[in-house]
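Okay, hi everyone, thanks for having me. Let me put the structure up on the screen, and then I'll walk you through the parts I liked.

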Number of protein chains: 2
Amino acid sequence: MNGSNLQEHQTHLRALLEAYMAKKGLRSTEQRRLIVDEFFKAPAHITIEDLLSQVRAIDPKVGYATVYRTLKLLAECGVAHERRFHDGVTRYEIAHEDEHHDHLICVECGTITEFEEPAIERIQEEVAAKYGFSIQSHKHELYGVCANCRSRKRLT
Amino acid sequence: MNGSNLQEHQTHLRALLEAYMAKKGLRSTEQRRLIVDEFFKAPAHITIEDLLSQVRAIDPKVGYATVYRTLKLLAECGVAHERRFHDGVTRYEIAHEDEHHDHLICVECGTITEFEEPAIERIQEEVAAKYGFSIQSHKHELYGVCANCRSRKRLT
DNA sequence: CTCATTGCAAATAATTTGCATGTAA
DNA sequence: TTACATGCAAATTATTTGCAATGAG
């Protein structure tokens, strides 16, 4: 995805949010705008905790609950996805233009890498068809040791 | 897997547990025996809550924490696996003889179906290799609507 | 006897909610 | 003005832990 597509995609997501808020009679507040802006700038798979401190660097008065509620809102309207990996903390990720990606999670350093594999997607659909199941979403995570950690271990 | 293999497998798991307990100097108590027996009889993907009431039907004095600690123990020695699906509750599953299976989860009725797909396993390994990543475990869950719920919906 | 285990209750951790006050529209 | 939003603190939910009493080896 090139720069202008990224730009367009963000614009699209913001429009999605705006439409959802209009439909529900929700209001655009200073806090929400700030939280949303920071969320778009934040690294993928950010936690509420981390996003809160990023937000508080700009406005220290923002409360925990507001960030929670705003991210729930983003998740509801499809702008963000909630992800829970093995550490019991919910992480949020901007909705990708292409939703078909999964995760490699390093159990040593916690690094999360995304991958995409159309062949897996296709087989998933076959499996679902076999069971008469219609897929709405999926979660596919590989836990193990990343290349970095593996080479670090070989050195020690 | 036929009946005698199932039997053998259970025996194997019990031996695994016994060995682990011996190694760690842990004791075989009435509660642990009861909880483990009930766990083996319980449906797959049982919650602590449900297992506790199953256990309390036999011995009402057993505490929540004991079930927790016993299932943690089973998970540690590889007799059970902890699974967390989208509802925020930890579920436990008996370790299968064949570990390579994944889950279809119905978002309507909550039914969890297991599936096995060697082709996906193989591609996973290819993906991992591409990133220099060594897989220790994985989680692959398909969320959607099961055949039953789909036909029920068509009728209404 | 010794030390792991139990059951209870209290502690944590993550998240959610109630409510008085603030503020978009 | 009206009712949604905020920030705080308190409530919830799931899980974990401390500890005195109990019980296995």
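**Protein meets DNA**

Let's start right at the DNA: a polar side-chain atom of Tyr68(A) sits 2.4 Å from a phosphate oxygen of DNA strand C. Before I go on, please keep in mind that what you see is a predicted model.

Staying with DNA strand C, Thr29(B) does something of that kind from chain B: one of its polar side-chain atoms is 2.7 Å from a phosphate oxygen of the strand. Then there's Arg69(B), where an N or O atom of the side chain lies 2.9 Å from a base nitrogen of DNA strand C. If you want to find this surface by its elements, H4 of chain A, along with helix H2 (30-41) and H4 of chain B, each give two or more residues to it.

Which element gives the largest share of the surface near DNA strand C? That's H4(A), with five residues. Altogether 21 residues are around this strand, and the ones that come nearest are Tyr68(A), Thr90(A), Thr29(B), Arg32(B) and Thr66(B). Look at which atoms of the DNA are involved, too: 74% of the atoms of DNA strand C within 4 Å of the protein are sugar or phosphate, and the rest are from bases. By class, the surface near DNA strand C has six nonpolar, eight polar and seven charged residues.

**The other strand**

Now turn to DNA strand D. Here 21 residues surround the strand, and the closest are Thr29(A), Arg32(A), Thr66(A), Tyr68(B) and Thr90(B). Sugar and phosphate make up 70% of the atoms of DNA strand D that come within 4 Å of the protein.

Zooming in on single contacts, Thr29(A) has a polar side-chain atom 2.6 Å from a phosphate oxygen of DNA strand D. Gln31(A) has a side-chain N or O atom 2.8 Å from a sugar or linking oxygen of that strand. And for a base, look at Arg27(B): a polar atom of its side chain is 2.9 Å from a base nitrogen of DNA strand D.

Which elements are behind this surface, with at least two residues each? They are helix H2 (30-41) and helix H4 (64-76) of chain A, plus helix H4 (64-76) of chain B. H4(B) gives the most, five residues. The class split for the surface near DNA strand D is six nonpolar, eight polar and seven charged.

**Inside chain A**

Let's step back and look at one chain. Chain A has six helices and six strands, and from the N terminus on they run α-α-β-α-α-β-β-β-β-α-β-α. Its C-alpha atoms fill a box of roughly 50 × 50 × 35 Å along the principal axes.

The chain is divided into domain 1 (3-94) and domain 2 (102-155). Their C-alpha centres lie 24 Å apart. Where they meet, eight residues of domain 1 of chain A contact seven residues of domain 2 of chain A. The area buried between these two domains is about 610 Å², and carbon and sulfur atoms give 59% of that. On the domain 1 side, His45(A), Phe85(A) and His86(A) lose the most area, together 65% of what that side buries.

What holds for polar pairs and salt bridges? Between domain 1 and domain 2 of chain A there are four residue pairs in polar contact, and zero salt bridges.

**Chain A against chain B**

Last stop: the place where the two chains touch. People often describe how big an interface is by the accessible area lost when the parts come together. For chain A and chain B, about 3,100 Å² is buried, with 62% from carbon and sulfur atoms. Tyr131(A), Phe133(A) and Lys139(A) supply 21% of the area that chain A buries against chain B, more than any other three residues.

How many residues take part? The contact takes 34 from chain A and 35 from chain B. Across this interface you get 16 residue pairs in polar contact and zero salt bridges.

On the chain A side, the elements that give two or more residues are strand E4 (102-106), strand E5 (112-115), helix H5 (118-130), strand E6 (134-145) and helix H6 (147-155). The largest share comes from E6(A), with twelve residues. By class, this side of chain A has 17 nonpolar, eleven polar and six charged residues.

That's my tour, thanks for listening!

Terms used:
Residues are numbered from 1 along each chain as its sequence is written. Chains are lettered from A and ligands numbered from 1 in the order in which they are written. This is a predicted model: local features need pLDDT of at least 70, side-chain atom pairs count only at pLDDT 80 or more; totals for chains, interfaces and linings use all residues. Side-chain values use heavy atoms; hydrogens and water are left out. A residue is near a molecule or strand if one of its heavy atoms lies within 4 Å of it. A polar contact is a pair of N or O atoms within 3.5 Å; within protein, one must be able to donate a hydrogen and the other to accept it, and residues adjacent in sequence count only if both atoms are side-chain atoms. Helices (H or I, at least four residues) and strands (E, at least two) are DSSP runs, numbered from the N terminus. Ala, Val, Leu, Ile, Met, Phe, Trp, Tyr, Cys and Pro count as nonpolar, Asp, Glu, Lys and Arg as charged, and the others, Gly among them, as polar. Domain bounds come from an automatic or database domain assignment. Contact means heavy atoms within 4.5 Å. Buried area is the accessible area (1.4 Å probe) that two parts lose on being put together, summed over both. A salt bridge is a side-chain nitrogen of Lys or Arg within 4 Å of a carboxyl oxygen of Asp or Glu.
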